[in-house]
Amino acid sequence: FKYDKIFSQNKAKYYFSYKFYNTSSIKNFIFKKKGGLKISYFQKNLAELSISFLIKTDILFSLGMGTSENLKLLGSEIKEIVPVGSLILETNIDNLNHKNKEEIDILNIGINWAHRNHTSNLDNKIDDNYYEHIRWLKKISIKFPNLKIFIKHHSNYRGDSKEIEILKGTKIKLISSDKIKNTYQYLSNSKIITSFGSTMILESRSLNKNSFFLDPDGMNQSYFKLLKNDKDLRITSYEQFENVIEEKFEKLIDMTVGSNRKFNKDDFCLESSIVSERIYNYLISN
């Protein structure tokens with residue numbers, strides 16, 4: 001009833017949605033019955049195991065060359081995967097030029113774990129590992145007391161008592177709501193960017209930023225099982241994390257140029273200033 005009314009009153013050839021994890025075979029059928037030609041979805045975030053089952057679409061406009069091919073393992077029926085980059089990043093291009101007043105040495109991007117672990121907690125270990133990556137940040141802040149370390153949560157962050165307890169006694173700055181800047185604006189002045197599972201790690205790699213997933217013991221399969229060449233971005237031990245920090249801030253190695261980590265950044269996210277143009281060109285040429 002819902003989609004029959006929507007697509008009867010709104011005639012279109014193409015259907016777009018950025019929620020690739022929210023497809024519907026019934027919606028697809030009714031859209032085409034009412035004259036629609038193509039159903040398409042944008043990959044706006046990592047393909048997590050917990051939300052990526054049974055995706056049905058004609059076109060998936062993916063972040064990168066290796067971010068969505070494995071969706072077929074979870075029963076998805078995708079007729080065509082077209083890598084275009086991040087549509088969300090494209091809309092924030094102007095924000096990337098924003099300069100914060102202070103430099104950030106390590107920016108950790110939060111994922112509101114306390115409010116969403118019921119959708120990601122596929123095993124008993126992952127919850128412990130999330131808080132272990134917070135402990136890594138605490139240990140780094142003690143080992144390198146002069147580093148400016150920020151944890152930037154989403155604007156709808158409602159607090160995490162366990163996280164706050166771990167961070168007690170450190171100089172780590174915890175930020176959630178910021179009426180002036182969104183998270184993308186923090187990227188410009190950040191020297192190293194980390195996260196337990198934010199898609200912005202893939203996006204910031206396309207910007208030639210030093211970005212890594214912190215994944216204690218390499219157990220975070222929920223987020224990375226479907227990601228091609230995922231090990232190129234995952235730091236799986238504290239010792240490895242400390243080595244990265246030493247290389248950047250003591251040995252002064254530029255990890256975007258001289259790193260031993262050799263990979264094609266387009267596997268993770270294409271350069272995203274012309275995402276809309278790529279989509280348009282694909283549609284008119286097909």
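1. One aromatic cluster is formed by Tyr130, Tyr131, Phe196, Phe213, Tyr223 and Phe224, and this note starts from that cluster, with the caution that the coordinates come from a predicted model. Across the structure there are 15 aromatic pairs, and one of them joins two members of the cluster, Tyr223 and Phe224, whose ring centres stand 6.2 Å apart with 50° between the planes. That angle makes the pair tilted, since planes count as stacked under 30 degrees and as edge-to-face over 60. Both Tyr223 and Phe224 are buried.

2. Two further rings each have a charged side chain placed over them. The charged end of Lys139 sits over the ring of Tyr238, at 4.0 Å from the ring centre, while Arg205 lies over the face of Phe212, with a distance of 5.0 Å to the centre of that ring.

3. The nonpolar interior deserves a point of its own. In soluble globular proteins, nonpolar side chains tend to be buried together. Here the largest nonpolar core has 49 residues, and those touching the most other members are Trp113, Leu137, Ile140, Leu187, Leu202, Phe241 and Ile245. Helix 6, which spans residues 124-143, supplies the largest share of this core, namely seven residues. Separate from it is a second core of 15 residues, with Phe20, Ile30, Ile55 and Leu71 among them.

4. Turning to the sheet, the model has an open arrangement of four strands in the order 1-2-3-4, paired in parallel. Strand 1 (14-17) and strand 4 (77-83) are the edge strands, and because each has a single partner strand, one side of each is left without a neighbour in the sheet. From one strand to the next, the twist averages 25°.

5. The pairing of strand 3 with strand 4 can be described in more detail: strand 3, residues 56-62, runs parallel to strand 4 and is joined to it by six bridges. Within this region, Phe61 has Val82 of strand 4 as its bridge partner.

6. Which strands does helix 2 touch as it packs on the sheet? Helix 2, residues 25-33, is in contact with strand 1, strand 2 (38-42), strand 3 and strand 4, and its direction makes about 135° with that of strand 2. Helix 12, residues 275-285, also lies across strand 1, strand 2, strand 3 and strand 4, and in its case the angle of about 135° is the one made with strand 3.

Methods. Residues are numbered from 1 along each chain as its sequence is written. This is a predicted model: local features need pLDDT of at least 70, side-chain atom pairs count only at pLDDT 80 or more; totals for chains, interfaces and linings use all residues. Side-chain values use heavy atoms; hydrogens and water are left out. Two strands pair if DSSP finds at least two bridges between them. Helices (H or I, at least four residues) and strands (E, at least two) are DSSP runs, numbered from the N terminus. Axes are lines fitted to C-alpha atoms, for helices over the stretch in contact, and angles run from 0 to 180 degrees between N-to-C directions. Contact means heavy atoms within 4.5 Å. Rings of Phe, Tyr and Trp (its six-membered ring) pair if their centres lie within 6.5 Å; planes under 30 degrees apart count as stacked, over 60 as edge-to-face and the rest as tilted. Buried means under 20% relative accessible area, exposed over 50%, partly exposed in between (1.4 Å probe, protein chains only). A charge sits over a ring if NZ of Lys or CZ of Arg is within 6 Å of the ring centre and within 35 degrees of the ring normal. A nonpolar core is a set of buried Ala, Val, Leu, Ile, Met, Phe, Trp, Tyr and Cys residues joined through side-chain atoms within 4.5 Å.
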